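I opened the file today to look up a few things in the fold. My notes follow in the order I made them.

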Amino acid sequence: MSAKIPTVLGVAEARTRLPELLAELSADPGHDPIVVGAYRRPQGVLISPAEYERLTALDTADRLRRAEAAARAGARNDGASAVGTAREDQGPLRAMPDDLTEQA
């Protein structure tokens with residue numbers, strides 16, 4: 001795929017050419033994205049199934065990396081919560097459930 005700014009294909013033209021556009025995407029998995037919109041403003045993008053799978057895999061891998069990094073950071077904190085613990089100087093968060101039941 002190239003890095004050029006794609007031309008926005010009008011909705012009416014995309015509707016008319018949809019079978020042709022889908023055939024192009026199926027035949028060439030590396031086909032440039034087809035941008036569809038109105039008044040030259042992008043509203044949607046057609047990509048090949050192979051490109052969609054590639055992007056989905058990248059997103060999944062990124063989420064997994066972030067989760068693993070967060071888990072490692074939590075383990076380094078000796079089991080402390082990633083959010084932190086409540087202290088008296090933290091305002092409304094200082095009341096613990098045991099404190100609330102004693103007041104009742």
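**Core**

I began with the largest nonpolar core, which is made up of six residues: Leu9, Ala14, Leu21, Leu25, Ile34 and Val36. I then checked which elements supply it, and helix 1 and strand 2 each give at least two residues. Helix 1 has the largest share, with three residues. The model I am reading is predicted.

I picked Ile34 from this core and listed its contacts, leaving aside neighbours within four places in sequence. They are Leu9, Leu21, Leu25, Gly44, Val45 and Leu46.

As background, I noted that nonpolar side chains tend to be buried together in soluble globular proteins.

**Helix 1**

Next I asked which residues of helix 1 are buried. I found Ala14, Leu21 and Leu25. These buried residues pack against strand 1 (8-10), strand 2 (34-38) and strand 3 (41-46).

I checked the length of helix 1, which runs over residues 11-27. Its 17 residues should span 24 Å at 1.5 Å a residue, and the end C-alpha atoms are 22 Å apart, which agrees. I also looked for a bend, and helix 1 turns by about 70 degrees at Arg17. A proline, Pro19, follows within four residues.

**Glu51**

I looked up Glu51, which lies in helix 2 (residues 49-76). Is Glu51 buried or exposed? Its relative accessibility is 10%, and the cut-off for buried is under 20%, so I entered Glu51 as buried. The side chain of Glu51 makes a polar contact of 2.8 Å with that of Arg54. I wrote beside this that residues three or four places apart in an α-helix point the same way, because there are 3.6 residues a turn.

**Whole chain**

I counted the secondary structure and got three helices and three strands. Along the sequence the pattern reads β-α-β-β-α-α. Of the 104 residues in the protein, 11% are buried. For contacts with a separation of 6 or more, I noted that 45% are between residues 24 or more positions apart.

**Confidence**

Last, I read the confidence values. The mean pLDDT of the protein is 78, and 69% of the residues reach 70 or more. Over residues 91-104 the pLDDT is below 50. I looked for contacts of this stretch beyond near neighbours in sequence, and the model has five.

Notes
Residues numbered from 1 in each chain as written. Predicted model: local features only at pLDDT ≥ 70, side-chain atom pairs only at ≥ 80, totals over all residues. Heavy atoms only, no water. Expected span 1.5 Å × (residues − 1). Bend = angle between axes of the 7 residues up to and from the residue. Buried < 20%, exposed > 50% of the residue type's maximum accessible area, 1.4 Å probe, protein only. Contact = heavy atoms within 4.5 Å. Core = buried A, V, L, I, M, F, W, Y, C linked by side-chain atoms within 4.5 Å. pLDDT = per-residue confidence, 0-100. Polar contact = N/O pair within 3.5 Å; in protein donor to acceptor, adjacent residues only side chain to side chain.
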